[in-house]
Amino acid sequence: MLTRQPYHGLTRKLVLAFDVGTTYSGVSYAILDPGEVPKILGVTRYPAQEHVGGDCKIPSIIYYDQQGRPRAFGAEALQEHIIERAEDEQWIKLEWYLAASHIADDDIQPLPSGKSAIEVLADFMRYLYQCSCKYIEDSHGIALLRSIEDRIEFVLTHPNGWEGPQQKQIRGAAALAGLIPNSQEGQSRIHLLTEGEASLHFCVMKLLASDTLSKTPILATERPEEDLGDTDDQGVVIIDAGGGTVDLSAYSMQLSPTSFEEIAPAECRLQGSVLVTRRAHALIKKKLAGSRYSNPDILRQITDIFDKTTKLRVRNAEDPQYIKFGTVRDKDPQYDIRSGQLKLPGVTELFEPSIREIIDAFQKQQQVATVPIKSVFLVGGFAASEWLFTSLQKYFVPLNIEICRPDSHVNKAVADGAVSYHIDNLVSSRVAKLTYGTECSVPYDSSNPDHRARQRKVYRGPSGMLAVPKAFGSILARKVFEEGFVIRRSSLEACDAVNIDITAYRGALAKPDWMDAEPGEEIETDPHTSRLARKLYPKRSKDGATYYVIDIKVILLFGLTELKAQVSWVEDDTEVR
């Protein structure tokens with residue numbers, strides 16, 4: 001069981017965690033008082049949704065008018081008078097906009113003129129922040145809120161598959177929304193976290209501490225790495241099944257003190273519950289083609305009812321499902337419509353692509369995991385689907401892998417877990433999904449076939465040595481990691497600034513050697529070495545030419561949830577980064 005420690009800070013702080021999802025969004029928070037044990041709470045009242053209980057989330061919907069001004073958010077956008085006004089004034093409804101990278105273009109409403117995706121995200125984050133402040137003010141008093149306005153730490157979650165470019169956009173949106181000033185100090189209060197790791201923290205709080213699961217604890221070895229193959233060691237996979245994506249994260253656990261190590265690269269599959277609903281819409285549209293119920297508005301209504309009710313209660317493949325969308329007068333036996341109900345067979349097939357992707361992602365993690373996987377925890381809004389849970393049980397149980405899901409508030413896993421991450425920080429190490437390195441040249445070796453194949457590219461460097469360009473110098477192969485490089489320049493002026501590009505390799509090779517074999521993605525660093533350059537001494541090549549040498553280290557900091565790159569060198573016997 002996780003025992004939370006009192007907050008050791010000297011001043012009061014507020015932690016706000018935003019879970020901005022494809023279909024629903026929510027906020028959790030904790031007030032950090034010095035000497036007090038933090039409690040994780042949820043924002044449970046929003047405009048037009050004040051009556052909802054403790055698992056409250058709001059729809060990820062925004063209405064914009066024709067001038068690009070936001071007019072309604074969340075539950076407000078579902079009110080009848082808002083929908084009527086939106087139709088009359090031709091407002092633009094945005095939903096699923098955060099899934100624009102993985103939902104088909106036909107399903108995404110075009111952005112209002114002059115509005116970017118970052119601005120849309122900023123508008124929604126600003127709304128969540130305003131709602132959170134109002135809730136905290138009403139619940140704890142305005143004096144408390146004013147006392148911590150400039151000491152708010154924000155934890156913003158994102159799918160496992162999002163990387164540097166998307167993380168940069170989230171940070172930009174947070175500043176644009178006014179959550180923080182767009183400065184180095186302001187950005188230091190933004191903490192980005194994968195949904196998988198947030199869900200892990202939730203499971204530690206809600207599941208691993210339960211009486212049932214404490215009888216089958218998840219243990220990680222304390223023995224050296226070479227003994228990790230012992231079958232007594234156990235691992236856990238968290239499956240966060242959301243609206244747009246399904247995120248899988250694999251960990252081993254140490255109980256005393258409680259800490260986790262990632263044991264396989266995180267997986268992110270674009271097969272969340274929204275994709276099931278899309279397939280259902282296509283099936284319903286095909287079934288009702290040619291009937292008086294094929295009107296787009298009626299099809300949308302039937303699909304919405306499927307999404308909110310039918311999708312969750314499917315239990316077996318043999319039984320057809322009934323979608324009640326009309327009155328007793330709605331009848332058309334030719335299209336299986338009776339008493340306002342549509343009979344829909346074969347519904348379980350709509351889930352199969354999602355189930356296959358989850359199993360495939362699990363198998364990939366299982367193959368590379370450093371300890372055996374013995375437990376799986378299913379969280380997220382999609383976890384409420386009985387058919388999804390039953391189907392995964394059929395796969396995992398024969399493998400002697402236990403699968404569990406919490407009884408309630410499954411959709412608050414990410415927001416609550418994100419606050420726990422900031423307070424408890426249980427993950428001690430992570431696994432890189434990619435191989436990182438930098439372009440370099442290597443001394444020419446005539447006996448090396450790869451070198452001979454690149455003989456036309458061989459050049460003589462400033463030192464007079466023959467070298468082969470476009471080599472890939474690995475720094476982090478698939479936890480701080482550093483690698484030394486030597487930079488040679490023919491003039492002192494060329495040593496003032498050194499441009500280092502970090503390359504992320506996505507290919508299948510375990511040890512990529514050449515930049516010209518497969519392309520990669522670049523992350524640029526621009527260290528200023530002018531002070532060092534003034535202290536360099538000239539060297540002479542074999543043919544008498546002058547050149548200068550800079551010894552550097554390229555360092556990747558991977559212990560955090562965001563990858564950071566640094567360049568270091570020694571200046572006056574002191575390391576400079």
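**Side-chain contacts in the predicted model**

Student: Asp123 is buried, at a relative accessible area of 7%, and which side chain does Asp123 meet in a salt bridge?

Tutor: The partner is Lys115, with 3.1 Å from N to O; a salt bridge here means a side-chain nitrogen of Lys or Arg within 4 Å of a carboxyl oxygen of Asp or Glu. Please keep in mind that this is a predicted model, in which local features need pLDDT of at least 70 and side-chain atom pairs count only at pLDDT 80 or more, while totals for chains, interfaces and linings use all residues. Residues are numbered from 1 along each chain as its sequence is written, and side-chain values use heavy atoms, with hydrogens and water left out.

Student: And Lys115, buried or exposed?

Tutor: Lys115 is buried as well, with a relative accessible area of 19%, where buried means under 20%, exposed over 50% and partly exposed in between, using a 1.4 Å probe and protein chains only.

Student: How many salt bridges does the structure hold?

Tutor: There are 21 of them. Another one joins the side chains of Arg151 and Asp150, at 3.8 Å from N to O; Arg151 counts as partly exposed at 26% relative accessibility, whereas Asp150 is exposed at 54%.

Student: What does Glu357 form a salt bridge with?

Tutor: Glu357 pairs with Arg269, and their closest N and O atoms are 2.8 Å apart. This pair links distant parts of the chain, since Glu357 sits in helix α10 (residues 352-368) and Arg269 in strand β12 (residues 258-269), 88 residues apart; helices (H or I, at least four residues) and strands (E, at least two) are DSSP runs numbered from the N terminus. Glu357 is partly exposed at 29%, while Arg269 is buried at 10%.

Student: Which residues do salt bridges that share partners join into one network?

Tutor: Glu267, Arg269, Glu357 and Asp360 make up that network.

Student: Changing topic, how many aromatic pairs turn up in the whole structure?

Tutor: The search finds 13, counting rings of Phe, Tyr and Trp (its six-membered ring) whose centres lie within 6.5 Å, with planes under 30 degrees apart called stacked, over 60 edge-to-face and the rest tilted. One of them is the tilted pair of Phe124 and Tyr127, at 6.4 Å centre to centre and 40° between the planes.

Student: Why are Phe124 and Tyr127 separated by about one helical turn?

Tutor: That spacing arises because Phe124 and Tyr127 are three residues apart in helix α2 (residues 117-140), and both are buried. Tyr293 and Phe325 form an edge-to-face pair, 5.5 Å centre to centre with 85° between the planes. Their pair links distant parts of the chain, 32 residues apart: Tyr293 is in the loop between α8 (273-287) and α9 (296-313), and Phe325 in the loop between β13 (321-324) and β14 (337-338). Tyr293 and Phe325 are buried too.

Student: Which residues do ring pairs link into a cluster?

Tutor: Phe18, Tyr129 and Phe154 are linked that way.

Student: What lies over the face of Phe389?

Tutor: Arg405 does, at 4.2 Å from the ring centre; the criterion is NZ of Lys or CZ of Arg within 6 Å of the ring centre and within 35 degrees of the ring normal.

Student: Last topic, how many disulfides does the search find?

Tutor: It finds zero disulfides, a disulfide being a pair of cysteine sulfur atoms within 2.5 Å. For Cys203, the nearest cysteine sulfur belongs to Cys404 and is 9.4 Å away. Cys203 counts as buried at 1% relative accessibility, whereas Cys268 is partly exposed at 21%.
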